[in-house]
Amino acid sequence: MHVVLYQPEIPPNTGSVARLCAATLTPLHLIEPLGFKIDDKHLKRAGLDYWEFVDLRVHRSWEQFVQRNGAARLMYFSKKASHSYTKACYAEDAYLVFGPETRGLPEEWLALHSDSAYRIPMIGTGVRSLNLSNAVAIVLYEGLRQLRKIE
């Protein structure tokens, strides 16, 4: 599987996702524009000294990402999706796509790909969304569990 962060905005979130990807041997794709510089000290601090273990791929735009990975199996994750992430069928070649922290994935993408758009259910009504790095961890580990990569 691959993790894709579309236009991430908060360096510590991306750093935490990078550490997660290093720990799970999962390639990390960052789609520009980013809300920070790739050498941001907060990004580096959150990823600690694990950056050398991250299979990091930076794309200048969504179009460039799609051009390079055109046949990819894309799975979109958003609080606006109707299917639970636990109902998804994860595959080795899946790309798990997450949107920017303040606005999420474009609604037109979710409408166009509603069959492959998933959410993490929340019980509390006072919370707008989960932290991006937490959401990626929840989804990635469910995928790894389904693929029997972890016990």
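**Notebook: patch, cysteines, cores**

I began with the surface: Met122, Val127, Leu130 and Ile138 make a nonpolar patch of about 290 Å². For a patch, residues need over 30% relative accessible area and no salt bridge, with nonpolar side chains joined within 5 Å and like charges within 9 Å. A salt bridge puts a side-chain nitrogen of Lys or Arg within 4 Å of a carboxyl oxygen of Asp or Glu. Areas come from the Shrake-Rupley method with a 1.4 Å probe, and for residues only the protein chains shown count as cover.

Note to self: this is a predicted model, where local features need pLDDT of at least 70 and side-chain atom pairs pLDDT 80 or more, while totals for chains, interfaces and linings use all residues. Residues are numbered from 1 along each chain, and side-chain values use heavy atoms, without hydrogens and water.

I looked up Val127 next: it sits in the loop between strand S7 (117-119) and helix H5 (132-146). Helices (H or I, at least four residues) and strands (E, at least two) are DSSP runs, numbered from the N terminus. Val127 is partly exposed, at 46% relative accessibility (buried is under 20%, exposed over 50%, partly exposed in between).

Then the cysteines: I found 0 disulfides (cysteine sulfur pairs within 2.5 Å). Cys21 is buried at 1%, but Cys89 is exposed at 54%.

Last, the inside. The largest nonpolar core (buried Ala, Val, Leu, Ile, Met, Phe, Trp, Tyr and Cys joined through side-chain atoms within 4.5 Å) has 30 residues. H5 gives the most to this core, 6 residues. A second, separate core has 14 residues, including Tyr6 and Phe65.

Note on methods. Buried < 20%, exposed > 50% of the residue type's maximum accessible area, 1.4 Å probe, protein only.
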